[in-house]
Amino acid sequence: MEKKDHRNLESYVRSIPDFPEEGIIFRDITTVLQDAEGLKMAIDAMLEELEGVDFDVVVGTESRGFIFGVPIAYALGKPFIPCRKKGKLPCETVTAEYALEYGTAAIELHRDSIKEGQKVVLVDDLIATGGTIEACAGLVEQLGGKVEKIIFLMELAGLKGRERLKNYDVASIITYDGK
């Protein structure tokens, strides 16, 4: 099947200059979500990236990865696993810490969420530096899963997150050159 041109999807993303600081253009996905056509286009484009990919489970990172990951899992008849901020999951977990611009953060998966040998697709809204999704991929692998593909709605190419994920099959629907 021929890939569709998703440039029109970019028109649904609101760009806010100088937020959160001067020189940054914030890419706001709420305008995609609050428009039925925009939301459908986003999910359909992400589903298109999974055509021909053999996988067992979808993992989405908190919280916007849930927004896109759940409808993808539902549409493809796959289970959805939430990768949450530390302290939010009620059962036994595995934890990964990762660096932020100022400090660190931690994410977790339930220890029993990924089975040995399961093929996994990771979903999030945005790749910037790649730290969160790299930590999530590490947790999946720690539990015995194999990351088959990582999908983002948007990519800020200027932050070079894709380089950090060079060992994975990474796709983004919309790419912005800057930060």
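Colour the chain by burial to begin: 46% of the 179 residues in this predicted model are buried. Now switch on the molecular surface. Its accessible area comes to about 9,500 Å², and carbon and sulfur atoms hold 50% of that.

Next, zoom out and show the cartoon. You should find six helices and nine strands. The radius of gyration is 16 Å, close to the 16 Å that the globule rule gives for 179 residues, so the protein is as compact as a globular protein of that length. Along the principal axes, the C-alpha atoms fill a box of roughly 45 × 40 × 30 Å. If you draw contacts with a separation of 6 or more, 54% of them join residues 24 or more positions apart.

**The sheet**

Select the strands of the open sheet. Seven of them line up in the order S5-S6-S4-S3-S7-S8-S9, with mixed pairing. Look to the two edges for strand S5 (93-100) and strand S9 (170-176), each of which pairs on one side only. As you walk across, the twist from one strand to the next averages 20°.

Pause at strand S3 (residues 57-61) and strand S4 (residues 80-85), which pair in the parallel sense over four bridges. Pick Val-58 here, and you will see Phe-80 of S4 standing opposite.

**Two helices on the sheet**

Now add helix H3 (residues 36-49). This helix packs on the sheet and touches strand S7 (119-127), strand S8 (146-156) and S9. The direction of H3 makes about 145° with that of S8.

Then select helix H4 (residues 64-76), lying across S3, S4, S7 and S8. Helix H4 runs at about 135° to S7.

**Into the cores**

Show side chains for the largest nonpolar core, which has 27 residues. Which of them touch the most other members? Select Val-59, Ile-107, Leu-109, Ile-114, Leu-122, Ile-150 and Leu-165. Two or more core residues come from each of S3, S4, S5, strand S6 (103-110), S7, helix H5 (131-142) and S8. Highlight H5 in particular, as its six residues are the largest share.

Centre the view on Ile-150. Setting aside neighbours within four places in sequence, Ile-150 is in contact with Leu-122, Ile-133, Leu-165, Tyr-168, Asp-169, Val-170 and Ala-171.

For the last stop, look for another core that lies apart from the largest one. This other core has 26 residues, and you can start with Ala-45, Leu-47, Leu-50 and Leu-153, which are among them.

Technical notes. Residues are numbered from 1 along each chain as its sequence is written. This is a predicted model: local features need pLDDT of at least 70, side-chain atom pairs count only at pLDDT 80 or more; totals for chains, interfaces and linings use all residues. Side-chain values use heavy atoms; hydrogens and water are left out. Two strands pair if DSSP finds at least two bridges between them. Axes are lines fitted to C-alpha atoms, for helices over the stretch in contact, and angles run from 0 to 180 degrees between N-to-C directions. Contact means heavy atoms within 4.5 Å. The radius of gyration is taken over C-alpha atoms; the globule rule is 2.2 Å times the number of residues to the power 0.38. Buried means under 20% relative accessible area, exposed over 50%, partly exposed in between (1.4 Å probe, protein chains only). Accessible areas come from the Shrake-Rupley method with a 1.4 Å probe; for residues, only the protein chains shown count as cover. A nonpolar core is a set of buried Ala, Val, Leu, Ile, Met, Phe, Trp, Tyr and Cys residues joined through side-chain atoms within 4.5 Å.
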